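Please read these notes with the sequence and the structure open side by side.

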Amino acid sequence: MGQERRSASYHVDRDILDEQSLEDLAQRLDSGRKPHLTERLKHSLRCSVPWLKRSLVRCLPVLYWMPRYSIWDYGMGDLIAGITMGIVQMPQSMAYALLASLPPVFGLYTSLYPVLVYFFFGTSRHISVGTSAVLSIMVGSVTERLAPDHHFLMRNGTNVTLVVDEAARDSYRVTVAVATTVLGGIIQVVLGLVRFGFVATYLSEPLVRGYTSAAACHAAVAQLRYLVGLSSTRFVGPLSLVYTLGDVCSRLHQAHVPTLVVGLLSFLVIFSAKELNASLSKKLPVPIPVELLSIVVATLLSHYIHLGSSYAVGVVGEIPSGLLPPRVPQTSLFREVIGDAFAMAVVGYALAISLGKTFALKHGYKVDSNQELVALGISNTVGGFFHCYSISSSMSRSLVQVTAGGKTQIAGVISAFIVLIAILKLGPLFQELPKAVLSAIVLVNLKGMFKQYYDIVALWRSSRIDLVVWLATWLFTLLFQLDMGLAASIAFALLTVVFRTQHPQYSVLGQVPGTEIYMDMEKYKEVHGVPGVTIFRSSATVYFANADLYLEALMEKSGINISKMIAYKKRQEAKQRRREKRAKRRAKRDIKRQKDAMRAAQSSDVVFSVEEETGKRKETDRQEDISGEEWDWAMRENGTVFVIPEVQNGHSSWEYLKGGDPDMGTLGSASELDGDTTTLTSSCDDTLSRDQERLSLGSLGKWTWDIHSIILDLSPANFIDTVAIKTMKTIIQDFGEIDVDVYMAGCQASVVEQLEQGDFFSDCISKGCLFATVHDAVLYCTGKHEALTMPPYDCVLDMDYSTKM
């Protein structure tokens, strides 16, 4: 009774929806005429005032939000946030310029021009663009690779010692940085125009955080030489971090003590002040400008104590006041820096868009990923002409802006004006600033990146695969530098995706009682399997990398080793063909014997023995039977075979009787097929048809009765390639060999189109094997099987009649 209830639950009061009925339904619903290609082209090229307005606003987002700007609501917050952020940005930009191996004033330029350009083209209201620790390190790796110190050695007056021409070196490094920035900006603009903003999706959060954590290590090691007062150069290329760190550690005994004291004191004071600032953030209206106060105090102490001249402490040096005229970048360097420029373009965009989307989600607005790519590209391109290097967003400054009450990019413009004042008037005042103080500022600001190492614990608990991506990215970036490390990290992350799709979770589904829902039978004990139907699902798309594994999992889950069963059936078919040949030969011999017996009966009506005749034919039969299963008359039970002629209604018939007593003998057969018995008057075709029926059912094992249909749930698949199409064909054909029907359910429209393009459908495979849902396929399978297993009406009558007889 329970089985009958479950079977009844499969039926619902609706039509079964296969692919053909879905297409017919879609055609009925789509009553409107589809526009012609020329009409669509005309519509796309049509220009109107609303279209022009939307396009202009899309290109210049400032035209959308600026007319709606409320001074009363946003003005005061943006003003305070802009001043605060400008005070923070001024020392940070000078410190980050050291990471880029450039003079500090170029960090101020980078915090001015790109910020003003982003104001017009950016869509994020809260991020602070400008100098970034990660981008500064990447620029520094390029400048030191193409402009190392040993390329600018010169003689020190009349002495034979060689010193570095710092002016020439810094000038060429600025040229390299500008060329890399402009090329990276052009790449970003092109990618944005072709709607390539989705490239950031390949940079997952574990990858980005592992990358920035490794970049923090590069930044910290790069600042050690300024902190301890060593003049060692930074190595470039693979394992450069290891070489640089080893060189610094091996020369610690040569550290300049006054520089080391200034650096350590600055680090301790700035770190303690920022921690105090963070603990009192809720009580303070604006954060205390710790970095600005530090450089002011350090500059005053250096000026009055004469740290540079008396104690040989490295200082910033001359800072030109005023702005430099724009200059065209040196395009001949593009070929040498194209790889670095592309890496900077991708990393800078990934950092900006991830931070921008975070603030946009929090404050309830949308950030256009493609427009952000264009905005950063234009900012870098224009900034490069004004001696700036690559920019991105800064998390620390963005948090300062939001905490101080900033609502729009007006705060960024105000901070840019603060930086402009420093360039025009305050630059010469910082000439006595020790570089060790700037290095301490950089190290303290790397605290947030170093805290990302806590991700290891969190990812260990949540996702081991993401943890492997984080660790691999961190290791590749440490060993292979930032550009090569990024490429290797992206490749490894994509391999993990391939690995996870190549080894998905396979499951057999069962029905939730009383519903059209089908779930994994191994996980949920309350679901029931459909008798005779196996519903198979893969958690990933079937494509070339996992097509073979899909077939293997299907055989394992269904309990049918299709390859062995087909091989067994082929052997049985070969045996059957041999039996048919033997049966034909035996039938011919039987007819010949019957004719000989009839001729003998016409000459004499007595009973005669055919033992001698049998002995004579024994050798001939043995030579004719290829399989070795010859018909041996002498080996029959009780020995002798007798032939008794009978005449009934004018026709003669012959019966073969086994045993010595003809009256007590049993009916035998002149031809033997696997031990079956028949008379010579029986039809050989009937015997073969029964044997063939047993071959297609009984000889193939118990699975033939347990499973009559297999349903492949392809709802997780969003595409299907040619290899998977061939695999599906193989599945349908192979299971069809053992009388198991295969159906597919839940195919998306794009998958059906790809099946059509791949010539999946044919005379043997029609769209009738595709169903809208798994439940539709179950209804069809169960209904078809019930119709096939129910005997036809005339067969029932014949069975009843034969029983009565």
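The points below cover a bent helix, aromatic pairs, charges over rings and one loop residue.

1. This is a predicted model, in which local features need pLDDT of at least 70, side-chain atom pairs count only at pLDDT 80 or more, and totals for chains, interfaces and linings use all residues. Residues are numbered from 1 along each chain as its sequence is written, and side-chain values use heavy atoms, with hydrogens and water left out.

2. Helix α23 covers residues 464-502 and spans only 17 Å between its end C-alpha atoms, where a straight helix of 39 residues would span 57 Å at 1.5 Å a residue. At Gln481, α23 bends by about 135° (the angle between axes fitted to the seven residues ending there and the seven starting there).

3. There are 22 aromatic pairs (rings of Phe, Tyr and Trp, the last by its six-membered ring, with centres within 6.5 Å; planes under 30 degrees apart are stacked, over 60 edge-to-face, the rest tilted). Phe119 and Phe120 make an edge-to-face pair, because their centres are 5.1 Å apart and their planes at 85°. Both belong to one aromatic cluster with Trp65, Tyr69 and Tyr74.

4. The charged end of Arg125 sits over the ring of Tyr365, 4.5 Å from its centre (the rule: NZ of Lys or CZ of Arg within 6 Å of the ring centre and within 35 degrees of the ring normal). Arg464 lies over the face of Trp460, 3.7 Å from the ring centre.

5. Ser394 is in the loop between β4 (392-393) and α18 (395-403) (DSSP runs: helices H or I, at least four residues; strands E, at least two; numbered from the N terminus). Beyond its neighbours within four places in sequence, Ser394 is in contact with Gln92, Ser128, Thr131 and Leu355 (heavy atoms within 4.5 Å).

Methods
The expected span of a helix is 1.5 Å times one less than its number of residues.
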